[in-house]
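Thank you all for coming; I would like to walk through one structure this morning, slowly, for those who have not seen it before. Please have a look at it first, and then we will go through some of its parts together.

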Amino acid sequence: MTNRHAEARQKLVEAIGQDGIAVIPAAHEVVRNYDVMHQFRQDSAFFYLTGFEEPESVAVIAPGHDDGDFHLFVRPKDPDLEVWTGIRAGTQGAKEAYGADAAYELSQLDDVLERMMIGREVLWYTTGNDKFDDRVTGIVNKARAHRERMGGVVPSIVRDVSVPIGEMMLFKSEDEADALRRACHLSADGHIEAMKFTEPGMYEYQVQAALEYPWRLGGSARNGYPSIVASGANACVLHYDTNRDQIGDDDLVLIDAAAEVEGYSSDITRTYPATGSFTGPQRAIYEVVLASQKAGVELSVSGSTMKAIHDECTRILAEGMVDLGLLPGPTDQVLAMHHYSQFYMHSTGHWLGLDVHDRGAYRIDGVSRPLEPGMALTVEPGLYVGPDKAQVELTMLEFDPEERNERIIRMGRAAAQASIAEEKASAEKVTHDVPAEFLGIGVRIEDDILITPDGHENMTESVPKELADVEAMCAESSELPVF
Ligand SMILES: [Mn+2]
């Protein structure tokens, strides 16, 4: 493996120190249907630290241990089974190919880990793992019983290891940024192919085949997440991924999809007309989203924040909604009362990396954290006029997220939600008729941004997004066969 993973382990060793021991389980296989498993995808934090792609394994980081810091528990070699499910590294491979200082078969986990816990005060482990929580708790309990007999220190504090790992994953090294950049460039090629390929009358999954074709040929073994190919009103379903509908004559096609390279995922959205020409109403909505997205990208620089980007993108969308008559306005009220959420209901971006929604805190001490070089994020405003939005009911009530958070802390979640619901129920309502020409139009535009010392790198800018450029790309023809 590259030393990318060794560097990650070294950072974790420094973060937890010699008082700590970190236990990070791999992902498990999941049944898809009878006798068939879902394609295995390693847990991103486990992969970040090890580069090891076998299921069920467990990584232990024990800084200063006599045998070394990095211990890997793996499935045993089993020639009969390997005929069916593939070669296993085994303990020897774990050391030779993956750099484990010590390797054990999984059956030794309880005994070995119990001994390793002795002398360490803090167990770094992320609770909430159905398959593993009980096992870890059992091992700590046995170590504690041992302490009672023999004396000595065992972990009395459990801390969430995903916090330091998330913080490390947030800042991409040059080497990681290079893998992410390659994922972005390859993903961009697929989006361009899909624009060229699409014609009305095709099924969404046929466009998906054209989209993913350059990815597989270009060196990506799998997608970063299931491809969304949403034609017409399907674009208003945010996580639509059935991709089985036939593309209508005047439909827009919204594609949110990306390839994975060396575990790193891109995340691109483009929306384009199946015919190659936007209709008037489609153009009007698209221009609003484009202006918002470009402003968001512009703000993606060191020292800015996710909140600043979201607020500016949302303000531009809200102005557009009022201009187009989707909402009565004025814009200040649309923003203060969150009426824009009728048509824009998600946040404007997220971290990007090994997880398409990468780990790492968004807020520090309750405030949106400043962007710094090495962070990668998406900028993806959208506007979705669902086919059921012919008339919207607007609650005339200011929406203050800070006040709501305070109320949740003061009253508890259930009571706070009940009190908010009560306020909403008794507040004045205004109904508004949405111009029919916009119904069923959904547009999102999403780029992947790497923050650099002197600005940013838009890693997905090769996919056209200006109206004229999108239409020009759609007018080009694909070399792929049409059946
Ligand atoms: Mn995204």
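Let me begin with helix 6, whose face turned away from its buried side carries the exposed residues D134, G138, N141, A145, E148 and R149. I should say at once that this is a predicted model, so please hear everything that follows with that in mind.

Which residues of helix 6 are the buried ones? They are V136, I139, V140 and A143, and because they cover an arc of only 95 degrees around the axis, they come to lie on the same side of helix 6. The general background is that an α-helix has 3.6 residues a turn, so residues three or four places apart point the same way. As for what they meet there, the buried residues of helix 6 pack against strand 1 (20–25), helix 5 (109–117) and strand 7 (122–124). The length of helix 6, residues 133–150, can be checked too: at 1.5 Å a residue its 18 residues should span 26 Å, and this agrees with its end C-alpha atoms, which are 26 Å apart. Just after helix 6 comes G151, which takes a positive phi of about 80 degrees.

Let me turn now to an open sheet of 3 strands, which has the order 17-22-23 and antiparallel pairing. Strand 17 (376–379) and strand 23 (455–458) stand at its edges, and since each has a single partner strand, one side of each is left without a neighbour in the sheet. Neighbouring strands of this sheet are turned against each other by 35 degrees on average, with direction ignored. Strand 22, residues 447–452, is joined to strand 23 by 4 bridges, and I451 stands opposite H456 in strand 23. Across strand 17, strand 22 and strand 23 lies helix 10 (residues 280–298), running at about 160 degrees to strand 17.

Another antiparallel pair is made by strand 18 (residues 382–385) and strand 21, over 4 bridges, where L383 has V443 of strand 21 as its bridge partner. In strand 21, residues 441–444, I441 and V443 point one way while G442 and R444 point the other, and all are buried.

Finally, a single residue: is A8, which lies in helix 1 (residues 4–16), buried or exposed? A8 counts as buried, because it has 21 C-beta neighbours inside 10 Å. Leaving aside residues up to four places away in sequence, A8 touches Y48, L49 and M168.

Notes. Residues are numbered from 1 along each chain as its sequence is written. This is a predicted model: local features need pLDDT of at least 70, side-chain atom pairs count only at pLDDT 80 or more; totals for chains, interfaces and linings use all residues. Two strands pair if DSSP finds at least two bridges between them. Helices (H or I, at least four residues) and strands (E, at least two) are DSSP runs, numbered from the N terminus. Axes are lines fitted to C-alpha atoms, for helices over the stretch in contact, and angles run from 0 to 180 degrees between N-to-C directions. Two residues are in contact if their C-beta atoms, placed from the backbone, lie within 7 Å. The expected span of a helix is 1.5 Å times one less than its number of residues. A residue is buried if 20 or more other C-beta atoms lie within 10 Å of its own, exposed if 12 or fewer, and partly exposed in between; C-beta atoms are placed from the backbone. The arc is that of the directions from the helix axis to the C-beta atoms.
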